[in-house]
Amino acid sequence: MPRPIQATIHPQALRHNLNRVRLAAPDAQVWAVTKANAYGHGIERAFDGLRGADGFALLDLSEAQRVRDLGWRGPILLLEGAFEARDLELCSRLSLWHTVHCDEQIDMLALHKTHEPHRIFLKMNSGMNRLGFTPQRFRSAWTRLNALPQVDEISLMTHFSDADGPKGIAEQMARFAEATCDLPGERSLSNSAATLRHAQDAAVKADWIRPGIAVYGSSPDFPAHSAADWDLQPAMSLNAQIIAVQSLQAGDTVGYGSSFVADRAMRIGVVACGYADGYPRICPTGTPVLVNGQRGRTVGRVSMDMLTVDLSPFPDAGVGSTVTLWGQSAQGAVLAIDEVAQAAGTVGYELMCALAQRVPVVLAD
Ligand SMILES: *Cc1c(COP(=O)(O)O)cnc(C)c1O
C-alpha cells in the first residue's frame, strides 16, 4: 500500500474561481497564470478546469510546449519573454506571444528570422523595479519595436508591487497612464490582488487581467481578506492519514527536540505527512489541521515524513482517520491554505508551489 497521503486537485474549484475573477473584471480577457507548473497543481491536471480562460500566461518554454500539447490553440504569453535568441524560434513555431522587458530582447528580435510576426507585450517598470523599461525609456522601446518587421501588435503591460497592501496601485497606475496615454495597443495590468481589490478602478480592468493565486483559491491579501471573503474555493487539498496513536502522560514530550510537553494526559495522532511532502517544517505547535473534517491543531515539531496532531478533542479518531493539512476534507470542511502559510510565516503561493514530487496527486471529479 502506498503511504496514505494524497493531494487532490479540484477542477470545479478552478472553474468557479475563474468565474469569480471574471465577475470582478467582466470586460477583460483573462490570462490564467500557470507558471511554476500551475502553482504546483500540475499544468495537465489544471488544464481542464482552466480551459475557459482566454489564454495561458507562464514563463517556461517547456510549459508553453505542454499547454500546446494539451491541444490549446489560443493565446499563450511568456511573462518574462525570451531568455536567449533560440527561444524566439520556439515562439514562432508555437505561436507564443511574449513579453519584451529589456533592450537585449529587442536586439534578439531584430535578428530573428520569421515569416509570422510576433505579438508582443511590452513591459513597463512602473515602480516594481524588477522587469521592464522605465516610463522615460518606454516610448523609445515601443518605437524601436514597432519598426521591426518581426513584430505584429504591441500590447502594453506593467506589474504592481503593492496591489495587496495599503500602498495600493495609484502611483504606478499614474506613471503607466502618463507614459502610455497616446500609445495604441491593449493593456494588461492586474494580478489577482489588483483584480479583486481595485476592480472599481476602471483602468484596472484594462484588456487583459493576469490572475494567478486567486484562480487556485488562495487569497491574494490574506489576512485582510480570506479566500472565503473573496468567494474563492481551494483548488488543491492535501490529506493524509493517521498511522499511529500515542497516549501521553503529563510531562511526556513529542518528536524531535521534545519541543512539545504534555501538561496532562492526552492522545496524539501521528500523520503521514512531513516536510519532505512539502508541509513546512517551521509550522509551530498550534498550526491548524482538520481531523475527520473538524478543526484541530498540530503539536511538536514537523519531521521529514510525519507530523503529530492533538487527538484529545477527537475520541473517535484513530489509525486510519483522515487529517486535512489544507484544502477540502472529505466531509466538505475547508482549511484555508493561507492559514497554514501564515503559521509558517509565508504565503499560500509558496505552499502550493512546494508540494513535493513524492505526493500522489489525484483529480477530483
Ligand atoms: C505571477 C504573475 C502574475 C499572477 O500573480 P498573482 O498574484 O498570482 O495573481 C501576474 N503577472 C505577472 C507578471 C506575474 O509574474
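**Figure 1. Salt bridge between Arg15 and Asp48.** The side chains of Arg15 and Asp48 form a salt bridge, with an N to O distance of 3.1 Å. Distant parts of the chain are linked by this pair, since Arg15 belongs to helix α1 (residues 11-24) and Asp48, 33 residues away, to helix α3 (residues 43-50). The model shown in this and the following views is predicted. Arg15 is partly exposed, because its relative accessibility is 30%; Asp48 is likewise classed as partly exposed, at 37%. The structure holds 18 salt bridges.

**Figure 2. Salt bridges of helix α7 (residues 135-146)****.** Asp103 and Arg137 form a salt bridge in which the closest N and O atoms lie 3.1 Å apart. Asp103 is part of helix α6 (residues 103-111) and Arg137 of helix α7, so the pair ties together parts separated by 34 residues in sequence. Asp103 has a relative accessible area of 27% and is therefore partly exposed; Arg137, at 37%, is also partly exposed. Arg139 forms a salt bridge with Asp182, the closest N and O atoms being 2.7 Å apart. Because Arg139 lies in helix α7 and Asp182 in the loop between α8 (170-180) and β8, this pair ties together parts 43 residues apart in sequence. Arg139 is partly exposed at 34%, whereas Asp182 is exposed at 53%. Elsewhere, Arg3, Asp277, Asp305 and Arg358 are joined into one network by salt bridges that share partners.

**Figure 3. Strand β17 (residues 322-328) and its pairing partners****.** Five of the seven residues of β17 are buried, so the strand is largely enclosed by the rest of the structure. Strand β10 (residues 236-248) pairs with β17 in the antiparallel sense through four bridges, and Ala240 has Val323 as its bridge partner. Strand β14 (residues 288-291) is joined to β17 by two bridges, also antiparallel; here Val323 is the bridge partner of Val291. Two further antiparallel bridges connect β17 with strand β18 (residues 334-335), where Gly327 stands opposite Leu335. These two strands form a hairpin with five residues between them, and Gly332 in the turn has a positive phi of about 95°.

**Figure 4. Nonpolar cores.** The largest nonpolar core comprises 103 residues, and Leu145 and Leu325 have the most contacts inside it. At least three of its residues come from each of domain 1 (11-216) and domain 2 (236-363). Contacts of Leu145 beyond four places in sequence include Val100, Ile106, Leu122 and Ile154. A second, separate core contains eight residues, among them Leu196, Ala214, Trp230 and Leu232.

Methods. Residues are numbered from 1 along each chain as its sequence is written. This is a predicted model: local features need pLDDT of at least 70, side-chain atom pairs count only at pLDDT 80 or more; totals for chains, interfaces and linings use all residues. Side-chain values use heavy atoms; hydrogens and water are left out. Buried means under 20% relative accessible area, exposed over 50%, partly exposed in between (1.4 Å probe, protein chains only). Two strands pair if DSSP finds at least two bridges between them. A nonpolar core is a set of buried Ala, Val, Leu, Ile, Met, Phe, Trp, Tyr and Cys residues joined through side-chain atoms within 4.5 Å. Domain bounds come from an automatic or database domain assignment. Contact means heavy atoms within 4.5 Å. A salt bridge is a side-chain nitrogen of Lys or Arg within 4 Å of a carboxyl oxygen of Asp or Glu.
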